[in-house]
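Here is a short set of exercises to work through with the model open beside you. Try each task first, then compare your steps with the solution.

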Amino acid sequence: MAYCDENNDDEINYNELAGLIMAGDILARGVPEKREIKQEKRVGRAQVPVSQLRKAQKLISERLLTKFDSVREALRFIDTDGSGSISRDEVKEMLSRFNLLEYTDFYTGQRRGELSEDVVDTFLEACEQISIASDADVRIDADEFTKVLMAEDIMELNVMK
Ligand SMILES: [Ca+2]
Ligand SMILES: [Ca+2]
């Protein structure tokens, strides 16, 4: 009672009540929301958030599997030097051709492409880890790239720490 009865007449008049309500309002707004910021796990040399790596793998496999009838066909397209394995440059070249790799538009100066260099590097790192795990050879062969493309969740391949 004493809290809102500003003129100490033991009665709360309209102004006093309004003042209290407004003060309450300000108080409510003034209290910062306690929000827990969950730190997302990051992986690879570039320390990319896991969600971005997952997104990259989904995007790349979706794009390839809509453009080509089979993974084999996609691989033939990516393996431009016909070496039977997929190099980093070949993957980047393919992503550029699909406009997936981030780049600056020459005419407008705008950034385009959905995947940053860091994310692509992390994706390639995952491919190489899978490649090494399967035959101790860093070169990514058809079976290994297929494994990456077809993975339901790239993190379940258990290669990125
Ligand atoms: Ca090649
Ligand atoms: Ca290999």
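## Exercise 1: Two helices that cross

The axes of H5 and H6 come within 9 Å of each other and cross at roughly 130°. Axes here are lines fitted to C-alpha atoms, for helices over the stretch in contact, and angles run from 0 to 180 degrees between N-to-C directions. Helices (H or I, at least four residues) and strands (E, at least two) are DSSP runs, numbered from the N terminus.

A word on the source: this is a predicted model, in which local features need pLDDT of at least 70 and side-chain atom pairs count only at pLDDT 80 or more, while totals for chains, interfaces and linings use all residues. Residues are numbered from 1 along each chain as its sequence is written, and chains are lettered from A and ligands numbered from 1 in the order in which they are written.

**Task.** Classify how H5 and H6 are oriented to each other, and list the residues that meet.

**Solution.**
1. Angles under 35 degrees count as roughly parallel, over 145 as roughly antiparallel, 65 to 115 as roughly perpendicular and the rest as oblique.
2. H5 and H6 are therefore oblique to each other.
3. The crossing of H5 past H6 is right-handed; a crossing is left-handed if the near helix is turned anticlockwise from the far one by less than a right angle, and right-handed if clockwise.
4. On the H5 side, Ala 126, Cys 127, Ile 130, Ser 131 and Ser 134 take part, and they meet Glu 144, Phe 145, Lys 147 and Val 148 of H6. Contact means that two C-beta atoms, placed from the backbone, lie within 7 Å.

## Exercise 2: One residue of that interface

**Task.** Find out whether Val 148 is buried or exposed, and which residues it touches.

**Solution.**
1. Val 148 belongs to helix H6.
2. A residue is buried if 20 or more other C-beta atoms (placed from the backbone) lie within 10 Å of its own, exposed if 12 or fewer, and partly exposed in between.
3. Val 148 counts as buried because it has 23 C-beta neighbours inside 10 Å.
4. Leaving aside neighbours within four places in sequence, Val 148 is in contact with Gln 57, Ala 126, Cys 127, Ile 130 and Ile 154.
5. One of these partners, Ala 126, is 22 residues from Val 148 in sequence and 8.4 Å away in space, C-alpha to C-alpha.

## Exercise 3: The faces of H2

**Task.** Check the length of H2, then work out where its buried residues point.

**Solution.**
1. The expected span of a helix is 1.5 Å times one less than its number of residues. For the 18 residues of H2 that gives 26 Å, and the end C-alpha atoms are 26 Å apart, which agrees.
2. Leu 53, Ala 56, Gln 57, Ile 60 and Leu 64 are the buried residues of H2.
3. Seen down the axis of H2, these buried residues fall within an arc of 95°, so they line one face of the helix. The arc is that of the directions from the helix axis to the C-beta atoms.
4. Ser 51, Glu 62 and Thr 66, on the other side of H2, are exposed.
5. The buried residues of H2 pack against S1, S2, helix H3 (71-78), H5 and H6.

## Exercise 4: H2 against H5

**Task.** Describe the packing of H2 and H5, and say what covers the buried residues of H5.

**Solution.**
1. The axes of H2 and H5 are 9 Å apart, and the packing angle is about 80°. That makes H2 roughly perpendicular to H5.
2. From H2, Gln 52, Leu 53, Ala 56, Gln 57 and Ile 60 meet Val 119, Val 120, Thr 122, Phe 123 and Ala 126 of H5.
3. The buried residues of H5 include Val 119, Phe 123, Leu 124 and Ile 130.
4. Their cover includes S1, S2, H2, H4, strand S6 (140-141) and H6.

## Exercise 5: An unusual backbone angle

**Task.** Where is Gln 47 found, and is Gln 47 buried or exposed?

**Solution.**
1. Most residues other than glycine have a negative phi.
2. Gln 47 is not a glycine, yet its phi is positive, about 50°.
3. Gln 47 is found in the loop between strand S1 (42-43) and strand S2 (48-49).
4. Gln 47 counts as exposed, with 10 C-beta neighbours inside 10 Å.
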